[in-house]
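Okay, thanks everyone for coming. I'd like to walk you through a structure that's new to most of us, so have a look at it first.

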Amino acid sequence: MTSPAEHMSEALSLARKGLLTTRPNPMVGCVITHNEKIIGRGWHEKSGDNHAEINAIHDVLKNLGSNAESALENSEMYVTLEPCSTTGKTPPCSEAIKKYGIKKVFIASEDNSQDGFANKADGIEIEVGLLREDARRLNRGFFSRIEKNRPFISAKMGVGLDAGIALSSGESKWITSSESRKDVHKMRAENDAILTGIGTIVADNPSLTSRDSGYDEDKVMQPLRIVIDRNNKLTGNESIFQVEGNNLIFSSNQNIDSHNTDFYPNPSNKEINLKEIVQYLAKEKSINNLMIESGSGMFDALLDEQLIDEIILYQAPKLLGKDRKSFSNLDVTNEKLSTIDFQIIETTNLGEDKKIILRPNYK
Ligand SMILES: NC(=O)c1ccc[n+]([C@@H]2O[C@H](COP(=O)([O-])OP(=O)(O)OC[C@H]3O[C@@H](n4cnc5c(N)ncnc54)[C@H](OP(=O)(O)O)[C@@H]3O)[C@@H](O)[C@H]2O)c1
């Protein structure tokens with residue numbers, strides 16, 4: 001491998017190894033080259049552990065032994081995110097990069113939460129922007145939290161051919177194929193938190209855990225489950241209070257006796273504003289990626305507030321009947337609706353179903 005883009009691409013692959021473990025930190029990968037050959041690789045595994053750059057330097061020291069320091073002095077580093085220049089849980093990477101005399105640093109994407117590696121890197125040549133879009137996509141939740149003060153928000157829906165999400169009885173289990181359900185469990189594992197509406201809790205009593213995702217179960221961190229309960233319908237007996245993982249409840253009833261539950265500290269919840277909630281999740285809970293698994297009530301409210309970044313539809317070849325519940329009931333005469341259209345980003349087959357990823361275009 002010789003091209004800078006290939007080296008950065010390898011750094012991005014290394015970064016992806018942290019998919020389930022780095023939160024709330026971003027995924028970061030790094031390779032170090034000497035005479036265009038890779039001499040060290042590193043990635044960030046979890047908050048508090050070494051950053052990718054330090055792991056890559058350690059890898060060079062291990063691989064090259066007594067020749068490592070002279071090789072590092074003439075080396076180039078490819079890192080997917082701007083190196084940190086302040087002391088967090090670990091010392092600044094900028095110091096280590098300087099200490100080992102790395103000649104040039106390629107950075108895929110800037111990190112606005114830092115105070116500028118370039119200001120601290122006197123004498124080091126820096127090139128920013130190689131595979132920037134890929135690097136930003138990889139950490140879209142982190143960038144959303146840092147730049148928009150809210151998580152990246154993905155809404156998942158299992159729908160029939162007629163856009164039904166439940167039978168008239170409210171029953172919605174088993175609409176989609178086992179392949180789609182497995183994909184949803186994967187999606188749950190990849191998100192920091194899941195927000196649902198009280199309507200879904202009452203109708204389905206879901207546990208909202210990630211099971212059978214295909215990922216190494218030891219690595220899966222159960223997403224935080226978030227329920228907005230404006231009319232105090234939760235009793236404490238629901239499945240979310242019995243299963244592994246934690247809950248965060250927005251409700252004025254803070255008396256639910258549960259070992260795995262926190263309550264939003266402001267109980268005057270009749271006025272709960274969805275924008276404030278998602279900002280609170282970013283600021284106070286460091287949530288990068290938020291998944292929505294709700295019925296149309298919560299989905300429409302979020303869409304109306306332009307808070308959904310991506311919709312994932314699992315469409316099954318079934319009809320749910322004329323009195324079905326639909327995935328959206330936004331009023332078509334609502335002026336705002338005409339200002340939302342959707343772009344299909346990707347369509348794949350999953351078992352008998354189609355998985356359709358859409359992006360709302362808000363104007
Ligand atoms: N197929 C699928 O993928 C899928 C997934 C989930 C659910 N479902 C089905 O969907 C149905 C439930 O739908 P649903 O619409 O009743 O449930 P929902 O979307 O889970 O919850 C609706 C509730 O959200 C609350 N809400 C609405 N706007 C709000 C706002 N601006 N701020 C805060 N809270 C707000 C309201 O609660 P208050 O009443 O407290 O005001 C409303 O009753 C069930 O039949 C379930 O099986 C299907």
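Let me start with a question: what do the buried residues of α1 pack against? Before I answer, please keep in mind that this is a predicted model.

So, α1. This helix covers residues 4-16, and its 13 residues should span 18 Å at 1.5 Å a residue; the end C-alpha atoms are 19 Å apart, which agrees. Its buried residues are His 7, Met 8, Ser 9, Ala 11, Leu 12, Leu 14 and Ala 15. And what they pack against is quite a list: the strands β1 (29-34), β2 (37-43), β3 (76-81) and β4 (104-109), plus the helices α2 (52-64) and α6 (132-138).

Those strands bring us to the sheet. It's an open sheet of five strands with mixed pairing, and the order is β2-β1-β3-β4-β5. At the edges you find β2 and β5 (125-128), each with a single partner strand, so one side of each is left without a neighbour in the sheet. From one strand to the next, the twist averages 15°.

Let's zoom in on one pair. β1 and β3 run antiparallel and are joined by four bridges. If you want a spot to click on, Cys 30 stands opposite Val 79 in β3. Now, how do the helices sit here? α1 lies across β1, β2, β3 and β4, and runs at about 145° to β1. Then there's α2, which packs on the sheet and touches β1, β2 and β3, with its direction at about 135° to that of β2.

One oddity before we leave this part. In the loop between α1 and β1 you'll find Pro 24, and the peptide bond leading into Pro 24 from Arg 23 is cis, with omega near 5°. As a reminder, most peptide bonds are trans, and most residues other than glycine have a negative phi. Hold on to that second bit.

Next stop, β9. How many of the residues of strand β9 are buried? Five of the five, over residues 224-228, so this strand is largely enclosed by the rest of the structure. Side chains in a regular strand alternate between the two faces of the sheet. Here, Leu 224, Ile 226 and Ile 228 point one way, Arg 225 and Val 227 point the other way, and all of them are buried. Yes, that includes the arginine, Arg 225.

What does β9 pair with? On one hand there's β8 (residues 193-197), parallel, over five bridges, where Leu 195 has Ile 226 of β9 as its bridge partner. There's also β10 (residues 247-250), again parallel, over four bridges, and there Val 227 stands opposite Ile 249. The connection from β8 goes through helix α9 (residues 198-204), and β8, α9 and β9 together make a right-handed β-α-β unit.

Now back to phi. The loop between α9 and β9 holds Leu 208, which has a positive phi of about 55° although it is not a glycine. That same loop, between α9 and β9, is where Asp 212 is found, and its phi is positive as well, near 50°. Are these two buried or exposed? Leu 208 is buried, with 25 other C-beta atoms within 10 Å. Asp 212 counts as exposed, with 11 C-beta neighbours inside 10 Å.

Further along the chain comes helix α10, residues 274-285. Its 12 residues should span 16 Å at 1.5 Å a residue, and its end C-alpha atoms are 15 Å apart, which agrees. The buried ones in α10 are Ile 277, Val 278, Tyr 280, Leu 281 and Ala 282. They pack against α7 (140-148), β6 (152-159), β8, β10 and β12 (289-292). Just after α10, Ser 286 takes a positive phi of about 50°.

Okay, let's step back to the whole thing. The protein has 11 helices and 16 strands. Its radius of gyration is 23 Å, close to the 21 Å that the globule rule gives for 363 residues, so it's as compact as a globular protein of that length. The C-alpha trace spans about 70 × 45 × 40 Å along its principal axes, and buried residues make up 41% of the 363.

Last one: Tyr 362 is found in strand β16 (residues 353-362). Tyr 362 is partly exposed, with 14 other C-beta atoms within 10 Å. Its C-alpha atom is separated by 33 Å from that of Val 79, which is 283 residues away along the chain. That's my tour, thanks.

Methods
Residues numbered from 1 in each chain as written. Predicted model: local features only at pLDDT ≥ 70, side-chain atom pairs only at ≥ 80, totals over all residues. Helix = DSSP H or I, 4+ residues; strand = E, 2+ residues; numbered from the N terminus. Expected span 1.5 Å × (residues − 1). Buried ≥ 20, exposed ≤ 12 C-beta atoms within 10 Å, placed from the backbone. Contact = placed C-beta atoms within 7 Å. Pairing = 2+ DSSP bridges. Right-handed = clockwise from strand over helix to strand, strands pointing away. Axes fitted to C-alpha atoms, helices over the stretch in contact; angles between N-to-C directions. Rg over C-alpha atoms; globule rule 2.2 N^0.38 Å.
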